[in-house]
Each structure stands twice: as structure tokens, then as C-alpha cells.
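Visitor: I should like to learn how to read the features of a model such as this one. Could we take them in turn?

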Amino acid sequence: MKAFKRTKQFKELEDFLGTHFIYTYDNGWKYEWYAKNDHTVDYRIHGGMVAGRWVHDQEANIVKLTDGVFKITWTEPTGTDVALDFMPNENKLHGMIFFPKWVEEHPEITVTYQNDHIALMEESREKYETYPKMLVSEFATITYMGDAGQNNEDVISEAPYEGMIENIQEGRYFDADYRKIQK
């Protein structure tokens, strides 16, 4: 398995791309996030108000701010805006999430595989109130980093389930080539 614990040093964007992260925000929300390539991210949400949501091929702006610090920003079909600042050498990140009012009031609509329900997300965005937005500004601790390589479709390939994070962190989810172990 190609997981690494605080041994890899991140400097350039190429060091960051292809990395699979698990992190917990200070408010307790648990996320799994993958820098799929220089313009796309995949993620699963394991804890928090939209736990159970997962997404493939979210277009994102991914840049290096300075050596070892990376900013990722995107807007979801829900109208949610996200800005993440990764500091993997310190096992930290800061996330700023701008949830539209409708997501705060109806989070259950978004708890799905987004890619199969984009029309519903767009419809809900138009049907319900957008403002005021719910702002979530939190630091997080990175608890796992894996070298999945770029464009690895096995990284985020199924809905989150109870115990998934532990299976990944303890080496029961991916094989030595970072391919999902079949159940």
C-alpha cells in the first residue's frame, strides 16, 4: 500500500496531485478528498450535516500558493462554494464552505452520489432560498495521506459506509497498487 505518514515532503503542485487525504475538521466533520489531477477532485463525506454525499470529477481550480501550500476552490451544482488550503507537511488544512440556505435547510437532498442527481441539485438551487449563506470556517487535521497517483478511478468509487475510513487507514481497502480490494 502506498500510504505515507508524515515522511513525504510536499513542495510543488506535482507532489500534491494524485494524493488521497482523510481529514477531520475541528467541528468533528470527517471528509475524504482526492486531488485527482490538476483540475478535478473527487470526495466522500463521512461526518457532518451532509455525511453520505460523494462526488466524482468536480471541476476545481488547484494552485500552489507557496512551497508545500495548496489552494483548491470550486462551486458545486448545489451552489455551495468551497475553498480549501492544504498544508500537508503540517498535516493541516483550512476549509471555508459557503452553503446556500437551501442546503442548510434541506441537507438530505444532497446526501447522494451527486453525479447521478445534478438535475435535482440544480432544480433545488432554483426552488429554495440561497441567502443568507451558512459559512463554515474550520481547520482540520489530516489523518491519512495516500499516494494514489493521478486519475485513479478506484480511490472514490463507492458510497461512504460505516468503518470505511478505518478500512482505508488500516490497509484493508486498497492493495499495494492503490486499487480497491474487492469484497
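Guide: Let us begin with contacts around a single residue. In this predicted model, Asp-85 touches Leu-65, Phe-70, Lys-71, Lys-92, Leu-93 and His-94, when residues up to four places away in sequence are not counted.

Visitor: In which strand does Asp-85 lie, and with which side chain does the side chain of Asp-85 make a polar contact?

Guide: Asp-85 belongs to strand E8. Its side chain makes a polar contact with that of Lys-71, at 2.8 Å.

Visitor: Does one call Asp-85 buried or exposed?

Guide: The term buried applies under 20% relative accessible area. Asp-85 counts as buried because its relative accessibility is 19%.

Visitor: How should one read a nonpolar core?

Guide: In soluble globular proteins, nonpolar side chains tend to be buried together. Here, the largest nonpolar core has 34 residues, and the members that touch the most others are Phe-16, Tyr-23, Trp-33, Ile-72, Trp-74, Leu-84 and Phe-86. At least two residues of this core come from each of strand E2 (19–25), strand E3 (30–35), strand E4 (40–45), strand E7 (69–75), E8, E9, helix H2 (101–105) and E10. E10 provides the largest share, 4 residues.

Visitor: Which residues is Phe-86 in contact with, leaving aside neighbours within four places in sequence?

Guide: Phe-86 is in contact with Phe-16, Phe-21, Tyr-23, Trp-33, Gly-68, Val-69, Phe-70, Ile-72, Lys-92, Leu-93 and Ile-142, with those neighbours left aside. Apart from the largest core lies another, of 14 residues, including Tyr-113, Ala-148, Ile-165 and Phe-174.

Visitor: How many cavities of 30 Å³ or more are there, and what lines the largest cavity?

Guide: The count is 1 cavity of 30 Å³ or more. The largest cavity has a volume of about 150 Å³. It is lined by 18 residues, of which Tyr-31, Tyr-43, Ile-45, Glu-76 and Val-82 are the closest to its centre. E2, E3, E4, E8 and E9 are the elements that give two or more residues to this lining. By residue class, the lining of the largest cavity comprises 13 nonpolar, 3 polar and 2 charged residues.

Visitor: What volume has the largest pocket, and which residues line it?

Guide: The volume of the largest pocket is about 160 Å³. Among the residues that line it are Lys-30, Ile-45, His-46, Pro-160, Tyr-161 and Glu-166. Helix H4 (residues 164–169) contributes the largest share of the lining, 3 residues. The lining of the largest pocket divides into 6 nonpolar, 3 polar and 3 charged residues.

Visitor: Backbone geometry remains. Where is a cis peptide bond found?

Guide: A cis peptide bond joins Tyr-131 and Pro-132, with omega of about 0 degrees. Pro-132 is in the loop between helix H3 (118–127) and strand E10 (134–147).

Visitor: Which residue in strand E5 has a positive phi although it is not a glycine?

Guide: That residue is Asp-57, whose phi is about 55 degrees. Asp-57 lies in strand E5 (residues 54–59) and is partly exposed, with a relative accessible area of 43%.

Visitor: What is phi near in Asn-91, and is Asn-91 buried or exposed?

Guide: Phi of Asn-91 is near 55 degrees, which is a positive value in a residue other than glycine. Asn-91 is placed in the loop between strand E8 (81–87) and strand E9 (92–99). With a relative accessibility of 11%, Asn-91 counts as buried.

Terms used. Residues numbered from 1 in each chain as written. Predicted model: local features only at pLDDT ≥ 70, side-chain atom pairs only at ≥ 80, totals over all residues. Heavy atoms only, no water. 1 Å grid on protein atoms, 1.4 Å probe; cavity = no way out; pocket = protein on both sides within 12 Å on 5 of 7 lines; lining within 4 Å. Points joined across faces, edges and corners; volume = space filled by probe spheres on them. Nonpolar A, V, L, I, M, F, W, Y, C, P; charged D, E, K, R; others polar. Buried < 20%, exposed > 50% of the residue type's maximum accessible area, 1.4 Å probe, protein only. Polar contact = N/O pair within 3.5 Å; in protein donor to acceptor, adjacent residues only side chain to side chain. Contact = heavy atoms within 4.5 Å. Core = buried A, V, L, I, M, F, W, Y, C linked by side-chain atoms within 4.5 Å.
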